[in-house]
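Trainee: I would like to learn how to read cavities and sheets in a model. Where do we begin?

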Amino acid sequence: MDIFILSFNHKKCNIDFLGKINISSNKLKYFYNLLPFEEKVILQTCNRREFILRTHNPFYTRQFLYGFLIEFFNINIDDIKTLNDQFYGIDAFKHLIYVASGVESAIIGENQIFHQVKDAFNFSKNNNFAGKYFGKIFNEVFKLTRFIKNKTLISKGSVSIPNIVVNLLKEKAGINGKKILIIGTGEINKLIIKKINQFAPEII
């Protein structure tokens, strides 16, 4: 399989570093266009940045990405080299399945990551950054992920960061009629706010 992944995730990276290598939505297409690879998908979540590229030369790809990311984000070379995981070929394919199924998540089995992987691929496909080759790979990833979730207990119950946060808040402090401060405007916080609103807080 001609697929290489450079992964920065919660196992090695803190939130501060992940914030430094975040690509804003208005610069995402520009960033894609700077990558000289036939097919590419970029996955960005609260806990990970994954650069997924079609290539038959993982050594060149790794070296290119190191230099490119250092220059684009103006970050330290030692951080780039030490805080990543790398996968190529069948190992990259397996990694995508582990990520999409929630096995690699901070909360194992959480469901939001599956939709985030799908959204990342669809963005790439809809903007002609991913073609038939990646289409086949990602479709297999989605198929196997659904099989894993249907045949195992990995996602049993309300396994997601928003659900866990809201349930914990209800248990420890209550929500009804309370004033709640949420810091940040990311996707997870938007989902948390949506769920909290179901329990009639005074104000968020």
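Mentor: With the cavity. The structure holds one cavity of 30 Å³ or more. On a 1 Å grid over the protein atoms alone, a cavity is a set of points where a 1.4 Å probe fits but cannot get out. This is a predicted model: local features need pLDDT of at least 70, side-chain atom pairs count only at pLDDT 80 or more, and totals for chains, interfaces and linings use all residues. Residues are numbered from 1 along each chain as its sequence is written, and side-chain values use heavy atoms, without hydrogens and water.

Trainee: What volume does the largest cavity have?

Mentor: About 130 Å³. A volume is the space filled by probe spheres set on the points, which are joined across faces, edges and corners.

Trainee: Which residues line the largest cavity closest to its centre?

Mentor: Thr45, Asn47, Glu110, Gln116 and Ile161, of 14 lining residues. Lining means an atom within 4 Å of a point. Helix H6 (residues 112-126) gives the largest share, three residues. Helices (H or I, at least four residues) and strands (E, at least two) are DSSP runs, numbered from the N terminus.

Trainee: How are the strands of the sheet ordered?

Mentor: Strands of a sheet pair through backbone hydrogen bonds, either parallel or antiparallel. Here four strands form an open sheet, E2-E3-E1-E4, with antiparallel pairing. Pairing needs at least two DSSP bridges between two strands. The edge strands are E2 (40-45) and E4 (85-88). E1 (residues 3-9) and E4 pair over four bridges. Leu6 stands opposite Gln86 in E4.

Trainee: Which strands does H6 touch?

Mentor: E2 and E3 (48-54), as H6 packs on the sheet. Contact means heavy atoms within 4.5 Å.

Definitions and conventions
On a 1 Å grid over the protein atoms alone, a cavity is a set of points where a 1.4 Å probe fits but cannot get out, and a pocket is an open set with protein on both sides within 12 Å along at least five of seven lines; lining residues have an atom within 4 Å of a point. Axes are lines fitted to C-alpha atoms, for helices over the stretch in contact, and angles run from 0 to 180 degrees between N-to-C directions.
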